[in-house]
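Visitor: I would like to learn how to read salt bridges. Where do I start?

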Amino acid sequence: MKNKVRYSAAQQAIILENSRFVQVVAAAGSGKTSTMVGILERILQENLFPEESILVLTFSRKAAGEILERIRKATGNDKIRVQTFHAYCLYALSRWHPRFSVQKPKVLSPEDKNRFFREYLKREKFKIGGIPYELFWDENVSYIRENFSDLLENLEFAYQNYKNKNGFVDFEDLVTLFLDGLKSDHEWTREAKQSLQKILVDEFQDTDLEQLAFLQFLSESASITVVGDDSQAIYGFRGATPEPFLKFKEFFSGSVIHFLNTNYRSLPEIIRVSDIPIQKNQNRIKKEVIPARDGKAIVGKIPMEEITDLIPFLIRAIPSSQDNVRILCRSNFRIGEYVRSGIPEKYLMTIHASKGLEFHTVFVDLADGWNARPDSLQKTIEEERRILYVALSRAENKLLILGAAKKSRRETIENEFFSYFKKLKTIHPNDLLKSN
């Protein structure tokens with residue numbers, strides 16, 4: 001394979017792996033996308049599979065676009081199919097399903113779905129009170145399910161009736177329709193399976209059980225490589241579970257596992273501090289992350305009484321970071337509180353939106369707005385810790401953890417998480433003027 005110099009020894013071992021089922025455990029900042037591109041580069045150079053038989057699956061259109069662009073730059077090939085699970089299922093149904101090959105499915109967009117939800121919830125506004133409607137389809141759904149289970153059930157029933165009456169399907173239905181065909185071994189699915197010989201799955205830790213079953217059926221004829229990090233499994237609110245990643249060898253017999261442990265993003269102290277919440281989780285793949293960069297990071301905590309206490313820190317952080325600074329919050333509602341306090345919106349982002357990104361300076365908000373209680377179920381607490389890990393591991397050079405200056409009388413998840421970092425030094429605004 002050409003251009004091996006671009007890849008580390010660990011990456012080359014993955015690129016040259018010939019096993020039918022391969023799991024790549026890729027730590028944050030370890031070059032997983034580059035490795036996936038390297039796998040495809042080798043396949044094309046050595047003609048291991050026809051290009052039309054290769055499928056790269058992602059969990060967002062943005063990720064699909066970025067990977068496709070990376071493939072183009074590295075190989076000059078723009079014919080590799082890079083799609084979300086939903087987009088691939090729409091393609092397969094439209095091409096092979098006897099009903100939809102004649103007339104394509106009428107797909108209800110997420111915006112149209114949310115519009116239906118909003119109109120329905122308006123009619124129930126007295127039950128909801130002042131809770132923003134967006135929370136019924138945002139990541140705070142666990143809270144909604146605990147407190148509005150009957151309303152949610154009625155909403156879902158009305159939504160299904162609306163789709164059936166108008167002949168719509170939504171993105172979730174696309175996977176279900178294809179999976180039902182695979183389970184029943186319908187003739188049209190055999191052609192779909194036979195068309196695929198190599199499947200690569202990005203961010204496999206975000207897989208739900210339907211998508212897992214879908215891949216298991218396709219694996220009857222295709223070789224599968226999955227890439228991901230169980231420490232970054234943060235989509236439980238939409239049904240994803242880290243179990244397929246944690247038990248990959250059980251689901252795909254004969255599989256081999258590779259590790260990408262070198263972090264090229266963050267300075268050593270940031271890597272150490274980011275690992276603190278993950279070390280407390282029981283359900284995880286143990287791995288030692290090795291820093292590739294040398295240097296002294298600025299890492300510490302900032303106790304706040306009011307959101308405006310952050311402004312002097314932000315003013316000093318912006319020049320040294322060349323504007324590459326973000327305050328990461330647990331929810332959009334919390335971002336609204338920052339904006340109303342005078343913090344420019346361009347410096348704010350939810351943790352979920354930050355996944356896959358990196359910034360010179362990161363403020364992680366543990367002062368308020370998190371989505372669990374200390375007595376929540378273990379799996380809920382473990383996911384919240386993974387969300388915290390994602391936030392912490394976005395930082396390249398400076399990591400500042402924000403918490404309440406005075407502990408609440410009641411126990412909160414924010415207080416518990418902030419206590420993880422009690423040994424860190426308290427940062428003062430002028431500390432952020434230092435280099436790095």
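Guide: We will go through some salt bridges in this predicted model.

Visitor: What is the general idea?

Guide: Side chains of opposite charge can pair when their charged atoms come close.

Visitor: How many salt bridges does the structure hold?

Guide: It holds 26 salt bridges. Let us take a few.

Visitor: Which residue forms a salt bridge with Arg72?

Guide: Glu69 does. Their side chains meet with N and O 3.4 Å apart.

Visitor: Where do Glu69 and Arg72 sit in helix α3?

Guide: Helix α3 covers residues 61-75. The two are three residues apart there, so about one helical turn separates them. Glu69 is partly exposed, at 35% relative accessible area. Arg72 is partly exposed as well, also with 35%.

Visitor: Which residue does Asp185 pair with?

Guide: Asp185 forms a salt bridge with Arg190. Their closest N and O atoms lie 3.4 Å apart. Asp185 has 36% relative accessibility and counts as partly exposed. Arg190, at 37%, is partly exposed too.

Visitor: Now take Arg373 and Asp375. Is Asp375 exposed or buried?

Guide: Asp375 is exposed, because its 60% relative accessibility is over the 50% cut-off. Arg373 has 45% and counts as partly exposed. The side chains of Arg373 and Asp375 meet in a salt bridge, with 3.4 Å from N to O.

Visitor: Which residues are linked in a network of salt bridges?

Guide: Lys32, Asp202, Glu203, Asp206 and Lys355 are. Find Lys32 and Lys355 in the view, then look for the three acidic partners named with them in this network.

How values were computed:
Residues numbered from 1 in each chain as written. Predicted model: local features only at pLDDT ≥ 70, side-chain atom pairs only at ≥ 80, totals over all residues. Heavy atoms only, no water. Salt bridge = Lys/Arg side-chain N within 4 Å of Asp/Glu carboxyl O. Helix = DSSP H or I, 4+ residues; strand = E, 2+ residues; numbered from the N terminus. Buried < 20%, exposed > 50% of the residue type's maximum accessible area, 1.4 Å probe, protein only.
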